[in-house]
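Trainee: Could we go through this structure together, slowly, and could you give me the reasoning behind each label as we meet it?

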Amino acid sequence: MTPPDPRPASLELYHAAISTCSQKVRLVLAEKHLDWTGHTITFRTAEHLTPAYLKLNPNGVVPTLVHDGDPVIESSVICEYLDEVFPQISLRPDDLKARARMRAWRQYIDEVPTPAIRPVSFNTFFVPIWQQMSAQEFHDYTEKLPLRKHFYRKMGRDGFAQADLDEALDKLTQTLDRMEGALQAGPWIMGAQYTLADVALTPTIVRMEDCGLSHLWDTRPRVAGWYEGIKSRPNFATAYT
């Protein structure tokens, strides 16, 4: 099937600078040199919970891509959608078995390190915001969340318990070990080609560094080299500006 002509496409991205899922999509847009219009969502004012935004994304999370007027939600879905619609710079292997292995990586990333970084990240950056709320204000805020009400209530205004942080750190360490093994085959997770697997891992590793965990790849030289390569790519500077 011939892919749609990318030239007349209108791309809009509803996103937040601090959102790791938004960062994934911005990396793909930059890697593919796609023009897009950005709409910054401010969590502090609950813009992600307004009726207008929930009409685009009933989950009340970012990012949301709007392509020629049609919304596409969920960051991993958006990334693969962009790679299908704009294939000129491909971020997936041509070989179908290699592509399946890449998708297995993506599934693992979505299920393990992506949720694991949240307790660490929320305790580091967001708890001071919640502590400014009363118990009732916090309860009322979480009641509005379509997807993560129970996640926020488990966190509470004082943050996640040490047991939750220990579990998260164990999962993040497992991820680094798997990366170290996979990177024997080349500079990127799938070998010679930079793919959506690298895209999906990047925000978690960046956030780990932000949270003071970069020492975890001191003993994992391939991960350290991968990360240096990631930061030297032009799409990184564009996505993280």
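Mentor: Gladly, and please keep in mind that this is a predicted model. Let us start with the strands: β1 and β3 run antiparallel and are joined by four bridges, and in this pairing L11 stands opposite H67 of β3.

Trainee: What makes β1 and β3 a pair of strands?

Mentor: Two strands pair if there are at least two bridges between them, and β1 and β3 have four, so they meet the definition. Strand β3, residues 64-67, is also joined by four bridges to β4, residues 70-73, and these two run antiparallel as well. In that second pairing T64 has I73 as its bridge partner, while H67 stands opposite D70.

Trainee: What lies between β3 and β4?

Mentor: The two strands form a hairpin with two residues between them, and D68 in the turn has a positive phi of about 50°.

Trainee: Which way do the residues of β3 point, and are they buried or exposed?

Mentor: T64 and V66 point one way, L65 and H67 point the other way, and all of them are buried. This fits a general pattern, in which side chains of a regular strand alternate between the two faces of the sheet.

Trainee: Which peptide bond is cis in the loop before β3?

Mentor: The bond from V62 to P63 is cis, with omega near 5°, and P63 is placed in the loop between α2 and β3.

Trainee: Why is helix α3 called largely enclosed?

Mentor: A residue counts as buried when its relative accessible area is under 20%, and eight of the eleven residues of α3, which covers residues 75-85, are buried, so the helix is largely enclosed by the rest of the structure. Among the buried ones are I78, L82 and V85, and the buried residues of α3 pack against β1, α1, β3, β4, α4 and α9.

Trainee: Why does E74 count as partly exposed?

Mentor: Partly exposed covers the range between under 20% and over 50%, and E74 has a relative accessibility of 37%, so it belongs there. E74 lies in the loop between β4 and α3, and its phi is near 75°, a positive value in a residue other than glycine.

Trainee: Why is H33 called exposed?

Mentor: The label exposed needs a relative accessible area over 50%, and H33 has 64%, so it qualifies. H33 is found in the loop between α1 and β2, and its phi, near 55°, is positive too.

Trainee: Which residues form the nonpolar patch on the surface, and how do you know that I18 can belong to it?

Mentor: The patch is formed by I18, F43 and F125, with about 220 Å² of accessible area together. A patch residue needs over 30% relative accessible area, and I18, at 35%, is above that cut-off, so its value allows it to take part. I18 itself is found in the loop between β1 and α1.

Trainee: What is the size of the largest nonpolar core, and which helix gives the most to it?

Mentor: The largest nonpolar core has 62 residues, and L82, W105, W130, M179, M208 and W226 have the most contacts inside it. Helix α9, residues 196-210, gives the most, with eight residues. Apart from this core lies another of six residues, among them A16, I41, V62 and V66.

Methods:
Residues are numbered from 1 along each chain as its sequence is written. This is a predicted model: local features need pLDDT of at least 70, side-chain atom pairs count only at pLDDT 80 or more; totals for chains, interfaces and linings use all residues. Side-chain values use heavy atoms; hydrogens and water are left out. Patches are made of residues with over 30% relative accessible area and no salt bridge: like charges are joined within 9 Å, nonpolar side chains (Val, Leu, Ile, Met, Phe, Trp, Tyr) within 5 Å. Accessible areas come from the Shrake-Rupley method with a 1.4 Å probe; for residues, only the protein chains shown count as cover. A salt bridge is a side-chain nitrogen of Lys or Arg within 4 Å of a carboxyl oxygen of Asp or Glu. Buried means under 20% relative accessible area, exposed over 50%, partly exposed in between (1.4 Å probe, protein chains only). A nonpolar core is a set of buried Ala, Val, Leu, Ile, Met, Phe, Trp, Tyr and Cys residues joined through side-chain atoms within 4.5 Å. Contact means heavy atoms within 4.5 Å.
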